[in-house]
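This report describes a single protein model, with attention to charged pairs, strand pairing and surface character. Please consult the sequence and coordinates alongside the text.

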Amino acid sequence: MNDQRIAILTDTGTNVPADFAATHDVRNVSLVVNYSDGSFRSGIDITTDEVIDRFETEIPTTSLPSPSDIQAALEAARADGYERAVFVTISSGLSATNQTVELVALADVGRDGDDLRIVVIFLQPGNDDGRIETARVGQNDFLDLALIHD
């Protein structure tokens, strides 16, 4: 049995339900939702329902989470005793969040001290049914970023 503590982190673009995230300690890093009247952190300053309600008047753009927000989420996981982290993002074809998380993770494992081993994966659009699914990659396709530091 594996007794390692593994943190699950995601960006709010994956739409993990709040009750599921709370029950299973899934940590969300907010995308930024941009409107003509301002920018809002998804899941903090604006809800998914509020975004949908505003579609009739304006379609927003989004921005990726700040590197400092990503780093803070990883630091919080480390401080809470997690030894590993899996960070799930929306598709790299839809957002630069995936690449930004990879860069922050590389910087994180390159620092001195206790390393939090981090694996970054992304979700991609599914088939014609509109579902979202995980990228079809095998275990050997994941880059355990901590190996770069070891």
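Which side chain meets that of Arg 27 in a salt bridge? The partner is Asp 80, with a distance of 2.7 Å from N to O. The model under discussion is predicted.

## The Arg 27 and Asp 80 pair

Arg 27 belongs to strand 2 (residues 26–29), whereas Asp 80 sits in the loop between helix 3 (67–79) and strand 6 (84–89), so the salt bridge ties together parts that are 53 residues apart in sequence. The two partners are also described by their accessibility: Arg 27 counts as buried because its relative accessibility is 15%, under the 20% cut-off. Asp 80 is partly exposed, at a relative accessible area of 42%.

The pair does not stand alone: Asp 25, Arg 27 and Asp 80 are linked in a network of salt bridges.

## Other salt bridges

Five salt bridges are found in the structure. Side chains of opposite charge can pair when their charged atoms come close. One of the five joins Arg 41 to Asp 45, with 2.9 Å between the closest N and O atoms. Arg 41 is partly exposed at 39% relative accessible area, and Asp 45 is partly exposed at 37%.

Another salt bridge lies within a helix. Arg 78 and Glu 75 are both part of helix 3, three residues apart, which corresponds to about one turn of the helix. Their closest N and O atoms are 3.2 Å apart. Arg 78 is buried, with a relative accessible area of 16%, while Glu 75 is partly exposed at 28%.

## The three-stranded sheet

Three strands form an open sheet in the order 4-3-5, with antiparallel pairing. Strand 4 (38–41) and strand 5 (61–63) are the edge strands, each pairing on one side only. From one strand to the next, the twist averages 30 degrees.

Strand 3 (residues 32–35) pairs with strand 5 in the antiparallel sense, over three bridges. Thr 62 in strand 5 is the bridge partner of Val 33.

## A nonpolar surface patch

Ile 52, Phe 55 and Ile 59 make a nonpolar surface patch of about 300 Å². Ile 52 is located in helix 2 (residues 48–54). How accessible is Ile 52? Its relative accessible area is 45%, so Ile 52 is classed as partly exposed; this value also passes the cut-off of over 30% that patch residues must meet.

How values were computed:
Residues are numbered from 1 along each chain as its sequence is written. This is a predicted model: local features need pLDDT of at least 70, side-chain atom pairs count only at pLDDT 80 or more; totals for chains, interfaces and linings use all residues. Side-chain values use heavy atoms; hydrogens and water are left out. Patches are made of residues with over 30% relative accessible area and no salt bridge: like charges are joined within 9 Å, nonpolar side chains (Val, Leu, Ile, Met, Phe, Trp, Tyr) within 5 Å. Accessible areas come from the Shrake-Rupley method with a 1.4 Å probe; for residues, only the protein chains shown count as cover. A salt bridge is a side-chain nitrogen of Lys or Arg within 4 Å of a carboxyl oxygen of Asp or Glu. Helices (H or I, at least four residues) and strands (E, at least two) are DSSP runs, numbered from the N terminus. Buried means under 20% relative accessible area, exposed over 50%, partly exposed in between (1.4 Å probe, protein chains only). Two strands pair if DSSP finds at least two bridges between them. Axes are lines fitted to C-alpha atoms, for helices over the stretch in contact, and angles run from 0 to 180 degrees between N-to-C directions.
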